[in-house]
Amino acid sequence: MPLSLHQDPAKAALGRRLFNDVRLSGNSSVSCASCHNVARGGGDQRAKSLGFLGQPGAVNAPTVLNAALNFKQFWDGRADTLEAQLDMVIRNPVEMGSSWPAVLARLAGDAAYRDGFAAAYRDGLTIANLDFAQRGGANDADRGRYAVIHNSDDLHVFKVPSLRNVTRSAPYFHDGSAATLEQALDVLFKFQLGRSGSKQDKADIIRFLNTLNSTPAGQP
Ligand code: HEC
């Protein structure tokens with residue numbers, strides 16, 4: 001875990017605006033923040049998130065806190081980079097139901113974005129720069145095409161999600177099937193350790209997990 005991320009503040013500020021902007025969705029009803037509330041653990045406290053038409057998606061929204069440091073994105077690891085993940089969520093017919101040209105056309109009508117992008121990027125507001133700003137202008141040596149590995153060994157294998165702020169990101173698991181951390185621990189004890197956990201063990205683990213919480217920038 002790097003101690004600090006070298007980010008351009010102007011690009012990060014644009015990214016923050018985009019993250020909270022409903023114009024990224026096809027009918028201007030949801031923003032990234034609708035499903036990833038950074039003040040509440042980076043998720044949405046629902047088992048399944050509701051997309052731009054109000055339909056539930058297939059899986060639980062994981063936290064976005066520190067997601068830039070994930071080695072893969074999504075529960076099944078199908079996106080190698082944040083750019084790939086962003087592209088999928090913007091175009092996903094349940095989540096945001098939009099397209100990059102549509103997003104660009106809408107934002108180009110907003111002088112604040114035009115000026116902000118012109119100041120932060122040599123070529124101003126473009127689809128590529130929208131993508132960059134969204135990830136906070138972080139270094140991206142890893143830009144590139146991604147491939148989903150079709151390997152039957154990987155069936156039912158899920159990425160181990162981050163434990164950062166985990167006590168605030170209920171419900172748990174890719175399908176949101178555990179409503180509380182205690183229920184999630186019961187399942188983990190049973191399937192990972194082959195036994196049940198005592199009340200004391202679970203309380204101690206939850207106390208430890210609480211120490212992994214952080215306060216997002218800009219929050220009291
Ligand atoms: C409708 C709800 C919804 C919206 C809107 C949404 N997301 Fe998500 N997000 C999810 C869900 C659900 C997943 C998990 C999907 C999966 O694993 O298949 C996810 C996964 C992610 C991940 C991967 C995290 C990890 O640990 O694997 C990142 C990063 C992310 N979203 C960022 C964003 C950004 C940035 C936006 C806005 C452009 C956005 N999301 C919009 C619901 C949403």
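**Exercise 1. Find where Gln 45 lies in this predicted model, and work out which exposure class it belongs to.**

Step 1. Gln 45 sits in the loop between α2 and α3.

Step 2. Check the backbone: the phi of Gln 45 is positive, about 60°, although the residue is not a glycine. As a reminder, most residues other than glycine have a negative phi.

Step 3. Count neighbours. Gln 45 has 15 C-beta neighbours inside 10 Å, so it counts as partly exposed.

**Exercise 2. Decide where Ser 28 is placed and whether it is buried, exposed or partly exposed.**

Step 1. Look in the loop between α1 (9-19) and α2 for Ser 28.

Step 2. Its phi is positive too, at about 55°, and Ser 28 is not a glycine.

Step 3. Ser 28 has 13 other C-beta atoms within 10 Å, so it is partly exposed.

**Exercise 3. Describe the shell around the ligand: which residues come nearest, and which element gives the largest share?**

Step 1. Of the 28 residues around the ligand, Cys 32, Cys 35, Ser 49, Phe 74 and Trp 75 come nearest. The elements giving two or more residues to this shell are α2 (32-35) and α3 (82-91).

Step 2. α3 supplies the largest share, 5 residues.

Step 3. Sort by class: the shell holds 18 nonpolar, 9 polar and 1 charged residues.

Step 4. Now turn to α3 itself. It is mostly covered, with 7 of its 10 residues buried; among them are Leu 82, Glu 83 and Ile 90.

**Exercise 4. Find the cis peptide bond that leads into Pro 171.**

Step 1. Pro 171 is in the loop between α6 (127-134) and α7 (181-193).

Step 2. The bond from Ala 170 to Pro 171 is cis, with omega near -5°.

Terms used. Residues numbered from 1 in each chain as written. Predicted model: local features only at pLDDT ≥ 70, side-chain atom pairs only at ≥ 80, totals over all residues. Near = placed C-beta within 6 Å. Helix = DSSP H or I, 4+ residues; strand = E, 2+ residues; numbered from the N terminus. Nonpolar A, V, L, I, M, F, W, Y, C, P; charged D, E, K, R; others polar. Buried ≥ 20, exposed ≤ 12 C-beta atoms within 10 Å, placed from the backbone.
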